[in-house]
Amino acid sequence: MLYYVELIIMNKDGVRDPEGETIQRYVVNRFTSEILETRAGKYLLFKVNANNQQEAENLVRKLAEEMRLYNPIVHKIEVKVIRSENGSN
Amino acid sequence: MKTAVIKFPGTTCEVDVYKALLEAKVDAEIVKFKDFDPDKYEAVVLPGGFSFGDYLRAGSIAASTETMKKVKEMASEGKVVIGICNGFQILVESGLLEGALLPNLNLRFISKWVYIKVVRDDTVLTRGLDKKILRMPIAHAEGRYYHEDVEKAKSLAVFLYSDEFGNVSEKANPNGSLLNIAGIANEEGNVVGMMPHPERASFKLTSPTEETDGLLLFRGLSK
Amino acid sequence: MKLTLSPYEMEIVRKKLGREPSEAEWLVIDALWSEHCSYKSSKTFLKSFPSEGENVVMGIEDWQDAGAIDVGDGWAIVLKVESHNHPSAIDPFNGAATGVGGIIRDIISKGARPIALLDMIRVGNLSSSKNRWLLKNIIAGIGFYGNSIGVPVIGGELEFDDSYNDNPLVDVAGVGIVRKDKIVPSVIKEPGLKIVIVGLTGLDGLGGASFASRKLSGEDEIGAVQIADPFAGKIVLDVTLEVADKVEAIKDLGGGGLVVGITEMANGFGAIVDLNKVPLRVKDLSPEEILISETQERMLFAVKEEKVEEVCKAFEYYDYPCAVIGEFVKEPFIKFYYNGKEVVSLPSELLLSPPRFVWGVKKKKRNTGSRPEVGLEESVKAIVSNFVSKEWAYSQFDYEVGTSTVLKPGEADAGLIALPNGKLLAIKGDANPDLCSEDAYECGKAIVAEAYRNLASVGAIGIGLVDHLQFGDPRKPEVYNDFIEAIRGIAEAAKFFSIPIVGGKVSFYNENKDGVPIKPTPLVVMAGLVKEKFLRNKVDESYIVLIGFTRDEMRGSLFTKIFGNYGEVPKTRLNEDYLASNLVIDSINDQSIIFAKDINKGGLVGALFSILVKGMGVEINLGRIPSDSDDWIPKLFSENSGRFIVLTNDPEAISKKSKGIYVSVIGKVTRNQNVLKIDEKEINLEKQILNYYNYLDEVMS
């Protein structure tokens, strides 16, 4: 079964995010005062061959850690399966 | 032409451009972005650098400033607008030039001296130019030109990356730009954007072969 | 609460203070008394450096952040070197980037405009993926910051050695230019000035200064990571230079954060600071966190009351936060208040005078070996395989911004930039850990001599230098011995060449988790002026002339590193470096040479390789190399100092000018591409030359 798995890499809370800050200060604040904070990150989408959703998620997590897709000292990750093919969600 | 050289927060090349314009006998001055009054100038140059840190996309934040609204007015009045490197990125993000500038194909910043071939002579920089193969440096991470309509891009192109003999080959393309495009202009020719830095090819002492091809382009502004 | 203070130091504090300091006060003392900020294990010996000279505008006596040298016409340059070794091991991208940021801010604190950067990087063998990851991100980090703030990286070093596995050394050097009469001090001369801070304070790098003074423990070191924001750095750069003549003193906030900045700026006077006034990025920071946070891109200004508004207005133009947080006072106490309560009250004198330490020394035992049995062709190929083009690295740096870069990276043995008064400034950084492991004293002299020669090869004479002393744990007697020996060597050479040492840094505790120290890596950065002409190297058919005398002193060389250590340590005969270098400069000025290269790593063969990679061939005769030995090994591979190879069509002209240094025609440049001919033996180096050009691109992709 094919699973689409998202990997979102962001700076840990408490670790500075200059990109998010700059977008907030120079773009968002000029547009509205209802948006209070902006954080920037990196988005990767994987198409995974796996037997079930948990397996797919675990595989991506393992990839991220062992192949240094993110630096665990500064980044946190979110792994989410968003849909599957050839079967029900 | 009285020329303004605009400095956004993060712009790094304004002094270099100013020095080169003086060398080309152009009446120029550096203007901070919030203090820009378009009515005082006939031409404006957006220099290279990292405006607003290049955050989000290079040139994207600068493109939405009040300053760029004024630059758009100048362009529609037929005045001259030149964008170099980050300036080119700002012009493309603000819609004054068509297309987009994407990250280099090898995903790295590239700093090197290249050759560019001039393929349009109806722009303010290239009118009456005898020399058709120019030498100048590039230094950028987001310089890959892209346009959805290849034919349109071809008609707008002003400079193409080439070798020293003018061959527009894949080998001479440093960043994967469509058709080797290094710079384009609008149809009228008064708005020009280019990734290479002519101001860095305007002084003998710092040119590897002592050529000052950048001055040839800037002379277009001294009339 | 983790402190780096020893029980001995803590007792001294209690005694001097007459009471037990509060937790906040302990943190303050810990920061100011850290090795990184106080130089407590090194200051005693650093005072032996010759720091005076007629061209020195500010020297080490001032103990400020950067020393300045007169370059004529009312201009002075500011020279600075710094490293970010420990942060770069954890987060190489931000560690290296913030290293660049720190140097830039140190330069602008003098009111000087940064005009050039050098990067000197040492990592472990690239066969390990961790080391590749480190290198990739270090280079990316330096490029990220340097390019964004518009200061060209004009040269540097990139070296590989196993002792740097997991402990990369990332040294960044910077040059700034300033009008002599506009240099701004970093300490106040009188009380009553307002303290102004620019930038927001967050949680970055907590305990960073103490972090640098501890060895890498392998724990979660997140607090020590500082995130780089070069856009903020650029705003700080531009506006600080704009307001430089409106303030009385400038200091950048680096290691130890606000508390160190204010205490050092007060320089014996006192300060009263309201922590509630410090602009924060993160809500609810404790007063301790505000005190020692190492958030980047913040500056401290000492400003007369009537000028404060003007100064802050300049920063607010770019929406950059600016606030008055206190003032300097006569009473010599550093006091911080929070929510109306006093949280810190410590005497300035206590904070600025940690006990000095002179640790024990012991000489290292050296192993001896015997001359290895190895073939000529085999050894030549092994040696030149170690040379790789650094283009992969420097093409990621914008080296043209500023339109002042005369010699491009990789073009020569020194960087060369044009100054506003038309003069040309050469700059080069040098270190030699392999030699320093053998004999730190000879090595100290050798690296200064090498820098002197490197500058001469483009036509320049040194006018000032800064040093960076990088060692392991100073409490280990063998490490401390190397440290002192290196200082002796560097000081002696600097004195001999009459080149003042105008500043420097010390970085101790460079060891890995297993307690193995790095090779002793003192590094010097020398700046010099071209008096008449500069040389842009060209390779063409011509005579190869060897200037200088070759000695059988093979220890610490690349050859013995590969084939086994033996022999004697090369003794740096400073007068030979002096004579050889000045001969080269004279030959550049009367245009009798087209190419000059000093001999260092890899010996004569290493130097000749730089001709071979330019598409020409080389032919030499062993019998024509003057030496104290008939053995071909030292003739080809000895790295003893005081030597150059130059290319010329008029060797006579050079001999005539020599003031007692050997000048020998040893061969010629041929059109036989890729071939090195030694006597009758022809060695084809095509494979090695391809490797030179492709190695980094291939390994790092």
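These figure legends walk you through several close-up views of a predicted model.

**Figure 1. Chain B meets chain A through a handful of residues from each side.**
Start with the contact itself: chain B brings six residues to it, and chain A brings seven. Between them, chain B and chain A bury about 640 Å², and carbon and sulfur atoms give 70% of that area. Look for B:Tyr55, B:Leu56 and B:Ile61, which supply 68% of the area that chain B buries against chain A, more than any other three residues. Sorted by class, the side of chain B that touches chain A holds four nonpolar and two polar residues, with no charged ones.

**Figure 2. Polar contacts and salt bridges between chain B and chain A.**
Which kinds of polar link turn up here? Two residue pairs are in polar contact between chain B and chain A. The number of salt bridges across the interface of chain B and chain A is zero.

**Figure 3. Chain C and chain B bury about 2,600 Å² between them.**
The size of an interface is often given as the accessible area lost when the parts come together. For chain C and chain B, 54% of the buried area is on carbon and sulfur atoms. The contact involves 35 residues of chain C and 31 residues of chain B. Which residues of chain C lose the most area to chain B? They are C:Phe231, C:Tyr317 and C:Thr403, and together they account for 28% of what that side buries.

**Figure 4. Salt bridges and polar contacts link chain C to chain B.**
Three salt bridges are counted between chain C and chain B. One to find in the structure pairs C:Asp398 with B:Arg200, where the closest N and O atoms are 2.7 Å apart. Across this interface there are also 15 residue pairs in polar contact. On the chain C side, H7, helix H9 (230–243), helix H15 (391–394) and strand S14 (405–407) each supply at least two residues that touch chain B. H9(C) gives the largest share, six residues. By class, the side of chain C that touches chain B has 15 nonpolar, nine polar and 11 charged residues.

**Figure 5. A salt bridge inside chain B joins B:Asp213 and B:Lys131.**
The N to O distance between these two side chains is 2.7 Å. What does the pair tie together? B:Asp213 lies in helix H6 (residues 213–218) of chain B, while B:Lys131 sits in the loop between strand S6 (110–118) and strand S7 (133–140) of chain B, so the salt bridge connects parts that are 82 residues apart in sequence. Over all chains, the count comes to 64 salt bridges.

**Figure 6. Strands S4 and S5 of chain C run parallel.**
Seven bridges join S4(C), residues 113–123, to S5(C), residues 153–160. To get your bearings, find C:Ile121, which stands opposite C:Leu158 in S5(C). How does the chain get from S4(C) to S5(C)? The path goes through helix H7 (residues 129–149) of chain C, and this β-α-β crossover is right-handed.

**Figure 7. Strand S22 of chain C pairs with S24(C) and with S25(C).**
With strand S24 (residues 663–670), strand S22 (residues 617–620) runs antiparallel, and four bridges join the two. Here C:Glu619 has C:Lys668 as its bridge partner in S24(C). With strand S25 (residues 675–678), S22(C) pairs in the parallel sense over three bridges. In that pairing, C:Ile620 is matched with C:Ile678. As you trace these strands, remember a general rule: in a regular strand the side chains alternate between the two faces of the sheet.

Technical notes: Residues are numbered from 1 along each chain as its sequence is written. Chains are lettered from A and ligands numbered from 1 in the order in which they are written. This is a predicted model: local features need pLDDT of at least 70, side-chain atom pairs count only at pLDDT 80 or more; totals for chains, interfaces and linings use all residues. Side-chain values use heavy atoms; hydrogens and water are left out. Two strands pair if DSSP finds at least two bridges between them. A crossover is right-handed if, with the strands pointing away from the viewer, the path from the first strand over the helix to the second runs clockwise. Contact means heavy atoms within 4.5 Å. Buried area is the accessible area (1.4 Å probe) that two parts lose on being put together, summed over both. A salt bridge is a side-chain nitrogen of Lys or Arg within 4 Å of a carboxyl oxygen of Asp or Glu. A polar contact is a pair of N or O atoms within 3.5 Å; within protein, one must be able to donate a hydrogen and the other to accept it, and residues adjacent in sequence count only if both atoms are side-chain atoms. Ala, Val, Leu, Ile, Met, Phe, Trp, Tyr, Cys and Pro count as nonpolar, Asp, Glu, Lys and Arg as charged, and the others, Gly among them, as polar.
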